[in-house]
2 protein chains.
Amino acid sequence: MNIENAQVQMRKGILEFCILHIISRGEVYASDMLDELTSAKMMVVEGTLYPLLTRLKNSGWLDYKWVESSSGPPRKYYVLTDEGKIFLDAMQATWFELADSVKTVIRRTEELSKTDTSNS
Amino acid sequence: MNIENAQVQMRKGILEFCILHIISRGEVYASDMLDELTSAKMMVVEGTLYPLLTRLKNSGWLDYKWVESSSGPPRKYYVLTDEGKIFLDAMQATWFELADSVKTVIRRTEELSKTDTSNS
DNA sequence: ACAGGTACTTTGTGATGCAAGGTACTAGGT
DNA sequence: ACCTAGTACCTTGCATCACAAAGTACCTGT
């Protein structure tokens, strides 16, 4: 295992949360999401995004409609379903809890390194 | 997919980071880690922790020594290797970047919901 | 010997990130 | 009509990983 792989692991699941967030703002299609996530420094590629959107759709959290484009193939514009909105709220709560748990662990390490000099 | 599954996905990778953090404080064995992670509200079970420790060991980031116990079987006490310390630092940087990316996405959603009333 | 507690290990399953390759629509040039 | 380039969506195959469940092994007390 290497750093890159570990970073991939860390992003898992969180990506899903971020995508739901972006869709919650209004109708978007996949390339919009890729742009937004890239600008937020969340690396993501097509091979990850499309299957993920299909999963979220099949779970009933997203819906989409086809919209013709004047400069290429039609686009799938996604929206959150009512169920999806509830799910997003739950995901956001989970995220904050998780971030808080990590903060707790980091704080404990810092506290212990002040009083315990046995660690290099 | 359900909420529980999504929460599991979100924890992936981050668990690894937290375990490295705990081991960085000094010698600990698996049950110690389980206690600490549970008290930080990071749910984790044996079937997850032991294979993860083996992976980290095989990657060269951990080392361990057997220590006899007066009340049961011997314990594996883990320590971070020098490589493991470097890896932990990289993971911590990744964590902060990731948390920051998520914050960016959430902030954008909040900003847009103020000015754009088209979302229910 | 046996039961109970502690600690570490292994097997099998299902989920999923991602690279790579594929399909399909449009516009513009020849 | 044909080709190329750009855009957008989809699929296949692989490697990784969390977890449940079952297993192994050591110690103490009766």
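Which element gives the most to the surface near DNA strand D? I would like to open with that, and before I answer I should say that what we are looking at is a predicted model, so please hear everything that follows as a description of that model. The answer is α4(B), which contributes six residues to the surface near DNA strand D.

Let me put that helix in its surroundings. There are 33 residues around DNA strand D, and the closest of them are Y29(A), A30(A) and R75(A) from one chain, with G47(B) and T48(B) from the other. If we ask which elements supply two or more residues to this surface, chain A brings α1 (3–11), α3 (30–39), α4 (46–58) and β2 (75–80), while chain B brings α1 (3–11), α2 (14–24) and α4 (46–58). Sorted by class, the surface near DNA strand D holds 13 nonpolar, twelve polar and eight charged residues.

Now for the other strand. DNA strand C is surrounded by 33 residues, of which G47(A), T48(A), A30(B), Y50(B) and R75(B) come nearest. The elements giving two or more residues here are α1, α2 (14–24) and α4 of chain A, together with α1, α3 (30–39), α4 and β2 (75–80) of chain B. On the surface near DNA strand C, the element that gives the most is α4(A), with six residues, and the split by class is 13 nonpolar, twelve polar and eight charged.

That brings me to how the two chains are related. Chain A is superposed on chain B by a rotation of 180 degrees, with 0.0 Å of shift along the axis and an RMSD of 0.0 Å, and the two copies are therefore related as by a two-fold rotation axis. Within chain A, the C-alpha that lies nearest this axis belongs to K12(A), at 3.2 Å from it. The same surface serves both copies, in that 100% of the contact residues of chain A recur in chain B.

How many residues of chain A are in contact with chain B? The count is 41, and they meet 41 residues of chain B. On the side of chain A that touches chain B, α1, α2 and α5 (82–115) each supply at least two residues, and α5(A) gives the most, with 15 residues. By class, that side of chain A divides into 20 nonpolar, 13 polar and eight charged residues.

I will finish inside the chains, with the packing of α3 against α4, taking chain A to begin with. The axes of α3(A) and α4(A) are 11 Å apart and the helices pack at an angle of about 120 degrees, which makes α3(A) oblique to α4(A). The crossing of α3(A) past α4(A) is right-handed. The contact is made by A30(A), M33(A) and L34(A) on α3(A), and by L49(A), Y50(A) and L53(A) on α4(A); by class, this contact has six nonpolar residues, no polar and no charged ones. A30(A), then, takes part in this helix contact and is also one of the residues closest to DNA strand D.

In chain B, the axes of α3(B) and α4(B) come within 11 Å and cross at roughly 120 degrees, and these two helices are therefore oblique to each other. Their crossing is right-handed. Here A30(B), M33(B) and L34(B) of α3(B) meet L49(B), Y50(B) and L53(B) of α4(B), with six nonpolar, no polar and no charged residues in the contact. Two of these residues, A30(B) and Y50(B), take part in the helix contact and are also among those that come nearest to DNA strand C.

How values were computed:
Residues are numbered from 1 along each chain as its sequence is written. Chains are lettered from A and ligands numbered from 1 in the order in which they are written. This is a predicted model: local features need pLDDT of at least 70, side-chain atom pairs count only at pLDDT 80 or more; totals for chains, interfaces and linings use all residues. A residue is near a molecule or strand if its C-beta atom, placed from the backbone, lies within 6 Å of it. Helices (H or I, at least four residues) and strands (E, at least two) are DSSP runs, numbered from the N terminus. Ala, Val, Leu, Ile, Met, Phe, Trp, Tyr, Cys and Pro count as nonpolar, Asp, Glu, Lys and Arg as charged, and the others, Gly among them, as polar. Copies are superposed by least squares on the C-alpha atoms of residues with pLDDT of at least 70 in both. Two residues are in contact if their C-beta atoms, placed from the backbone, lie within 7 Å. Axes are lines fitted to C-alpha atoms, for helices over the stretch in contact, and angles run from 0 to 180 degrees between N-to-C directions. Angles under 35 degrees count as roughly parallel, over 145 as roughly antiparallel, 65 to 115 as roughly perpendicular and the rest as oblique. A crossing is left-handed if the near helix is turned anticlockwise from the far one by less than a right angle, and right-handed if clockwise.
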